[in-house]
Structure formats: C-alpha cells, structure tokens
Amino acid sequence: MIANLISDTVTRPSEGMLEAMMKAKVGDDVFKEDPSVNALEEEVASLFGKEAALFFPTGTMANQTAIKLHTQPGDQLICDHYSHIYNYEGGGVSFNSGVSCRLIEGNQGRITADQVESVINPPDFYHSPKTTLVCLENTTNKGGGAVYDFEEIKKIRTCCSNNGLALHLDGARLWNALEVTGESTLAYGEQFDTISLCFSKGLGCPVGSILVGSKETMTKALRIRKVFGGGMRQSGYLAEAARYALQNHRKDLKNDHKKAKELEVVLKECVHIKSVEPVITNIVIFSLHNERNEIYFLDHLREKGILLLSLGKGKLRMVTHRDYTPEQHEYVIKTLTQMNVL
Ligand SMILES: *Cc1c(COP(=O)(O)O)cnc(C)c1O
C-alpha cells in the first residue's frame, strides 16, 4: 500500500472529472473564445461578488500577477514570514515586480491589523520603500492549515483602506477555510481587492487557478498574464475540470479535515513526536523530539509505503486529500501506532 501524504496536489482526476473534461466545449482562450473558460470565470467572479475573474495555469502565477497589479518597482509589501509568496514562489516578488517584503512573525502564518499598522512606512518619508500592498494567506500553508478569524480580516481591510494599501488574498486553500468556518465567498470578496484560488489542491484538478477582482483590475491582469506567458489556448478542458470540482468535489473537503484531525490525535500519542501544531483543516505539521531522528522516521515510513514531506529543522508535514482512502488512513494510523513499540 502507498499512502502519499506529501501534498494535496498529488491527486489524479476522478472518473466524473475526466468525463467532464472530455466533453468540454473549447475555443482559443487567448482570443477569449473558449466558452468553458468564460463560463468558469463568470461563475467564480459572481461567487465572490466580483466583476471579473481570470483563469491561470498556476497559483504562483495568479499571486505574482496580483502583486504586479498592486505595486510599482521599489515598493514594499507586507506579509507573514511563513507566506507562500515569500518562501515558495522562487523570489518572484523581487524578480517580477521589483518589490521587497516586510515580514511579520504572525501566529501560524496569520498576521493582525495591529502588526500591519506597525510596519507601514510613512508615505512621505521618501528614504524608505513605499508600502503599497498587504498579502494574507488563508488557509496558511507553512503555518499548518490555520484559518483566519474573519473579524481580524475586516480590521486589516480597514487598516489598508485608511492607509491607501491594496489587500490581496492568497486563497490557494480558501475552499478549506470556508468549509470549516461556513463563511461565504461573497463576504470574502467584499474584503479583498484580489483573491487567488487553486483548483489543483484539495479540489483535485490536474491544473488550474483563478484570480478574481474588479473589471478594471482584471483587464490589467490579462496583459500581465500574457507577459508572464500564461495565455493558454484550448484551456476549456481544464476549466471544465474546475467547474466539475466546484460542483462535485468541494463538499468532500470535510472528509480531508476529519482525517487530518484523526492523524493529529495519533501523532500526539507517538513517542517520537514532540509537538503537533493545532489541526484545523487538511494540513498536519509536527516536530520530532530530536532533529536527527528525521531520517530514521521518514525512512521507516517510506519503507512502509507512507510518504510525507520534511519542512526542515525537524518539522514534518502530512496533507490529507481526496485520493487518500479510508483504507490508507486506517493503515497509516496502525503504522504510526506500531512505531511506539519500536
Ligand atoms: C500551492 C500554493 C500556491 C500556488 O502554488 P502553485 O503550485 O503555483 O499552483 C500558492 N499559495 C499557497 C499558500 C499554496 O499552498
């Protein structure tokens, strides 16, 4: 048995999704003539109460486009030190936009309005970079799938509005956050200038992300996506996968969360493990007692067919997803429990 818990991106399309893809009506999306992409963009824009949306090959490109949209070279953006845009997008913030990051040490990747307020550079002090953008991430990735308190988001929005800053949400896993809190996409749309969302994580699509915002912003985004090389042709096959996932897979995210919670309980009992970050969605991050045990721990599980990710410094990560079956889950729990007597 192989249980791949490295990421929720390891899923393969379901039968139903493949059928939907096969039946897609397509055209050339660079000429805006792909009916499936157009339908997806309209659907997701209205889901968030936004005027427009743009389909992207990756979440990274959607985020990088958003950063480019809201900044000028030399500007500074504010984000948590764990954020994906800072850690895992290849330095794109500086490469693509010529922007620096003012990092905040938040709580599991979440920052507060007070923290934001305290690091905004005075706008007329021309010696320091101009602060123009705040980027939040929900759920947090390196922060262990943590979910923002919506009241804090509203405070951050107010702070941004008062200071003339744009607010972008990296919502790669916002679907997971909404599943837990029951908050609406419309409420989220109201708070942010732009939101990026992934279909290729828990929703189980092979490829695809989307950015939502105002009509004016998304018209600019179209040009930036072109510059970044993200104009795709008959991408309706992928858009149909995304539409299928929203209809049929989104409701299943709760199963991933339940399994992650059950893993948390077992890991807390494991003698090799020092601590487990609070589990709220589908990401489980834990630390071993001894960093040097990492290789032993990972190798032992790999021999048993269980794959997980090392985040370095003795921190390990498991992510549940729709291809992680109840049988695999039972097997992983049994294997972890047996490690206590080794
Ligand atoms: C996965 C992810 C992205 C986008 O990643 P891609 O692999 O480029 O699609 C962005 N932000 C977060 C928090 C993510 O987890």
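**Exercise 1. Determine whether C198 is buried or exposed, and what keeps the sulfur of C198 from a disulfide.**

Solution. C198 has a relative accessible area of 5%, and since buried means under 20% relative accessible area, exposed over 50% and partly exposed in between (1.4 Å probe, protein chains only), C198 counts as buried. This is a predicted model, in which local features need pLDDT of at least 70 and side-chain atom pairs count only at pLDDT 80 or more, while totals for chains, interfaces and linings use all residues. Residues are numbered from 1 along each chain as its sequence is written, and side-chain values use heavy atoms, with hydrogens and water left out. Next, a disulfide is a pair of cysteine sulfur atoms within 2.5 Å; the closest cysteine sulfur to that of C198 lies in C205, 10 Å away, which is too far for a bond.

**Exercise 2. State how many disulfides the structure holds, and examine C101.**

Solution. The sulfur of C101 has its closest cysteine sulfur in C79, at 4.3 Å, and this is too far for a bond. The count for the structure is zero disulfides.

**Exercise 3. Work out what share of the residues in the protein chain is buried, and over what dimensions the C-alpha trace extends.**

Solution. Of the 342 residues in the protein chain, 55% are buried. Along its principal axes, the C-alpha trace spans about 60 × 55 × 35 Å.

**Exercise 4. Find what share of the contacts with a separation of 6 or more joins residues 24 or more positions apart.**

Solution. Taking contact as heavy atoms within 4.5 Å, residues 24 or more positions apart account for 75% of these contacts in the protein chain.
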